[in-house]
Structure formats: structure tokens, C-alpha cells
Amino acid sequence: MPPQVADLIKADRLNRLNAVVLEVATERAQRFQGRTLEVLVEGVNPRNPNQAFGRLRHNKLVYFDGDGVELRGKLVNVKIDQCNAYSLFGDMVEVVPFRAPLPHLAGSSRSGTAAAAAAPAVAAVKGVGVC
């Protein structure tokens, strides 16, 4: 059996790797700084009941002041003012008004497409029938 790597060496390597990952993640998150982004609200911040939280299309967590119970499930625009490696903080600008689905997704006449397959599921969620 080949010699094993000592536990201290394994721990050191893991710590150095984690430090590099944290540095790169923090650097990459800065691209969101100062931008206004659409956030799908998930609910109340468990650490601060005065804040709501949600996710970007990039799946990044965003925290902002607001009523997480009232906003849950809604899209809001948030101006990002602080970027950490794995989360963003900002101020809510507005609640995004409801938008109707795009015509090519709502009722495609082509069978076998992803849009046609998804139409019954989308309609069921919205509580309407599909023709």
C-alpha cells in the first residue's frame, strides 16, 4: 500500500484551496456591484426579520429590506450595493409588474417542442385550462 498523506498536510492543502476559492468567488461577485437586478423573493431572512431574501437568475442569494412574507413569490428589482463571495445585499427599487408569457411559450402549435410540453404545466400553475 502506498504511503498515506499526513492529516496536517491534507488540512493545509484544503485550507489553501478554500482560501483561493473564496478569493475568486468574492472577485467574481463584484460584477454585480451597482447593478439593478431582478430577484425572485423566497421569504424572510432567517437572521434578520426586517429583511427579505431571494435569488438572481444566477442563483446568487440577495438580501434587502422588505416584507418577505408579502413579497414571497414576486419578482422585485434590487440595486446591489454590497457583494460578498456567496451573497449580495441591496435596496429594493420596485416590485416587477406581472408579465404575460411570451407568445412562443404560451401556446405553441408545434407538437413535440419543449414549449408545447410545458404549456399544460404552466396553465395548471396559473389555474387556467389549455385549449
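## Salt bridges and core of a predicted model

Arg-55, at 28% relative accessibility, counts as partly exposed, where buried means under 20% relative accessible area, exposed over 50% and partly exposed in between, with a 1.4 Å probe and protein chains only. This is a predicted model, in which local features need pLDDT of at least 70 and side-chain atom pairs count only at pLDDT 80 or more, while totals for chains, interfaces and linings use all residues. Residues are numbered from 1 along each chain as its sequence is written, and side-chain values use heavy atoms, with hydrogens and water left out.

Arg-55 forms a salt bridge with Glu-42, a term that stands for a side-chain nitrogen of Lys or Arg within 4 Å of a carboxyl oxygen of Asp or Glu. This pair links distant parts of the chain, since Arg-55 lies in strand β2 and Glu-42 in strand β1, 13 residues apart; helices (H or I, at least four residues) and strands (E, at least two) are DSSP runs numbered from the N terminus. Glu-42 is likewise partly exposed, with a relative accessible area of 30%. By this rule the count comes to four salt bridges, including the three in the table.

| Salt bridge | Closest N to O |
|---|---|
| Arg-55 and Glu-42 | 2.6 Å |
| Asp-12 and Arg-16 | 3.2 Å |
| Asp-7 and Lys-10 | 3.3 Å |

Asp-12 and Arg-16 both lie in helix α1, four residues apart, which is about one turn of the helix. Asp-7 and Lys-10 are three residues apart in helix α1 (residues 7-29), and so they are separated by about one helical turn. Asp-7 counts as exposed at 59% relative accessibility, whereas Lys-10, at 44%, counts as partly exposed.

Lys-60, found in the loop between β2 (48-55) and β3, is buried yet has no salt bridge, and the nearest side chain of opposite charge, Glu-27, is 13 Å away; here Lys and Arg count as positive and Asp and Glu as negative, while His and the chain ends are not counted. Leaving aside neighbours within four places in sequence, Lys-60 is in contact (heavy atoms within 4.5 Å) with residues including Phe-32, Arg-55 and Leu-88.

Leu-88 also belongs to the largest nonpolar core, where, of 15 residues, Val-62, Phe-64, Ile-80 and Leu-88 touch the most other members. Such a core is a set of buried Ala, Val, Leu, Ile, Met, Phe, Trp, Tyr and Cys residues joined through side-chain atoms within 4.5 Å. The largest share of this core, four residues, comes from β4.
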